[in-house]
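Please read the following points with the sequence and the structure side by side. They are set out in numbered form for ease of reference.

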Amino acid sequence: MRNSKSSRIGLLTGGGDCPGLNAVIWSVVRGAAGAGIEVVGIVDGFEGLVGGQRDLNTRSLRPIDVRHIFAQGGTMLSTTNRGNPFRYRTQTADGVREEDRGDEVVRNIGLLGLDGLIAIGGDGSLAIAHELAQRGANVIGVPKTIDNDLGSTDATFGFYTAVEVAMQALDRLKTTGESHDRVMLLEVMGRYAGWIALHAGLVGGAHAVLIPEIPYKVDSVLNKIRQRWREEGRNFTLIVVAEGAHAQGGQTTHVEPATTGRVARVGGAALGLEAALKSAFSNGWDRPEPPEVRTTVLGHIQRGGTPCAYDRLISLRFGAEAVRLAQAGHWGRMVCLRGTEIADVPLGEGIRKPHNVPVDGQLVAHARCVGVCLGD
Ligand code: F6P
């Protein structure tokens with residue numbers, strides 16, 4: 001089946017949503033229609049492919065079905081970050097049963113008459129796609145995530161929109177923080193990668209940016225706050241904290257532990273720093289009144305809403321390239337961005353390498369060059 005060309009393909013979105021998913025769907029459907037390929041949308045990610053024939057959750061996708069979705073946030077196919085078919089959980093009278101239903105999904109792809117599947121997802125969904133490919137399914141992966149933490153692609157769509165949203169939040173925190181002369185902390189998403197924090201911090205005028213790749217010292221942050229006072233006579237200090245950031249000798253904090261079939265939820269880094277700063281202030285500060293510290297956790301606002309121009313462009317081009325690969329029968333690949341070109345890599349390679357901020361790289365050097373404190 002591996003090199004067969006396509007006349008009918010499945011399309012699904014898996015894992016957390018991100019801006020640009022609908023643009024990829026639009027692009028795949030338009031591209032496929034042009035190539036004479038029929039597209040079947042799988043609803044709720046891989047969950048839509050589990051079960052008997054009557055349980056399968058699909059909808060037909062023609063150009064008319066996608067005509068207004070290109071710029072919309074979310075995904076018209078719905079998604080879930082539960083429902084891994086290889087560790088599929090069902091509630092029974094005796095509790096939760098976990099089973100490997102991967103082969104059933106491969107069979108269902110055949111039952112639906114699909115020549116192959118285009119799976120749009122992050123590391124978890126692409127790992128599932130890869131495993132399905134290992135079991136004989138024809139799959140093409142399209143990488144997505146606001147975190148930009150996937151290896152083998154220079155960027156994922158959704159990331160630039162999240163940066164834009166975080167930058168706008170910083171612009172707003174700046175005016176209120178300046179007015180009240182406060183230390184303002186903004187926690188942004190990104191899991192174990194500091195891409196959103198560093199990009200947003202640089203373009204949003206943060207004085208300090210704390211990322212998981214560079215464990216911070218509370219003293220460095222305190223020094224930055226002191227330096228602001230000495231040089232500008234103000235407490236106002238704008239600090240971006242990646243949700244995965246942690247102090248030296250500490251670890252990333254989680255708001256929810258990992259459970260079977262669900263990764264741990266990262267978060268709480270900014271509140272942790274707020275507590276550490278307050279405790280340092282209460283142990284003696286060199287001015288009579290310590291600064292007030294306020295924390296904002298930006299959360300899912302970074303994931304919702306319409307994609308920015310660049311994310312739309314990457315999404316459109318990823319979708320078009322995925323169709324071109326399917327049309328040529330090049331299965332088992334993941335589309336990716338290489339500079340300004342869309343390329344493809346083996347699906348397994350795409351998920352093997354995590355993508356973190358290089359601590360000796362140019363971005364970090366430029367941040368230091370313009371005086372941004374990175375907490376070390
Ligand atoms: O991976 C994308 C992401 O938004 C992370 O930045 C964040 O930690 C996580 O998903 C939140 O996931 P959920 O919406 O499942 O809580």
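1. Ser27 is in contact with Ser315, Leu316, Gly319 and Ala320, leaving aside its neighbours within four places in sequence. This serine belongs to helix 1, which spans residues 21–34. Is Ser27 buried or exposed? Its relative accessibility is 5%, and because buried means under 20% relative accessible area, Ser27 counts as buried. As with every value in this note, these results refer to a predicted model.

2. The domain assignment of the protein chain gives two parts: domain 1 (8–157 + 307–352) and domain 2 (162–303). To the contact between them, domain 1 contributes 13 residues and domain 2 contributes 12 residues. The C-alpha centres of domain 1 and domain 2 are 34 Å apart.

3. Where does the ligand lie with respect to the two domains? Domain 1 and domain 2 both give residues to the shell around the ligand, so the ligand lies between them. The residues that surround it are Asn81, Ile146, Asp147, Met189, Gly190, Arg191, Glu243, Arg262, Arg265, His300 and Arg303. Sorted by class, this shell has 6 charged, 3 polar and 2 nonpolar residues.

4. Three side chains of the shell deserve individual attention. Asn81 has a polar side-chain atom 3.0 Å from an oxygen atom of the ligand. For Asp147, a polar side-chain atom lies 2.6 Å from an oxygen atom of the ligand. In the side chain of Glu243, an N or O atom is 2.6 Å from an oxygen atom of the ligand. The ligand taken alone exposes 400 Å², and the protein buries 83% of that area.

5. Gln302 should be examined next. This residue is found in the loop between strand 13 (293–297) and helix 8 (309–328). How much of Gln302 is accessible? Its relative accessible area is 0%, and Gln302 is therefore buried. Residues up to four places away in sequence not being counted, Gln302 touches Pro19, Ile146, Ala162, Val165, Val188, Met189 and Ile196. With Met189 there is also a polar pair: a polar atom of the Gln302 side chain lies 3.0 Å from the backbone nitrogen of Met189. Ile146 and Met189, which Gln302 touches, are also among the residues that surround the ligand.

6. Leu77 offers another case of a buried loop residue. The loop in question runs between strand 3 (58–61) and strand 4 (88–92), and the relative accessible area of Leu77 is 0%. Which residues does Leu77 touch, not counting those up to four places away in sequence? They are Leu11, Leu12, Thr13, Ile25, Gly41, Ile42, Val43, Asp44, Arg59 and Leu61. By way of a distance, the C-alpha atoms of Leu77 and Asp100 are separated by 24 Å, the two residues being 23 residues apart along the chain.

7. The last point concerns helix 2, which covers residues 102–111. Its buried residues are Gly102, Glu104, Val105, Val106, Asn108 and Ile109. Which elements help to cover these buried residues? Strand 6 (116–121) and helix 3 (123–134) are included in the cover. After helix 2 comes Gly113, which has a positive phi, near 75°.

Conventions: Residues are numbered from 1 along each chain as its sequence is written. This is a predicted model: local features need pLDDT of at least 70, side-chain atom pairs count only at pLDDT 80 or more; totals for chains, interfaces and linings use all residues. Side-chain values use heavy atoms; hydrogens and water are left out. Buried means under 20% relative accessible area, exposed over 50%, partly exposed in between (1.4 Å probe, protein chains only). Helices (H or I, at least four residues) and strands (E, at least two) are DSSP runs, numbered from the N terminus. Contact means heavy atoms within 4.5 Å. A polar contact is a pair of N or O atoms within 3.5 Å; within protein, one must be able to donate a hydrogen and the other to accept it, and residues adjacent in sequence count only if both atoms are side-chain atoms. A residue is near a molecule or strand if one of its heavy atoms lies within 4 Å of it. Accessible areas come from the Shrake-Rupley method with a 1.4 Å probe; for residues, only the protein chains shown count as cover. Ala, Val, Leu, Ile, Met, Phe, Trp, Tyr, Cys and Pro count as nonpolar, Asp, Glu, Lys and Arg as charged, and the others, Gly among them, as polar. Domain bounds come from an automatic or database domain assignment.
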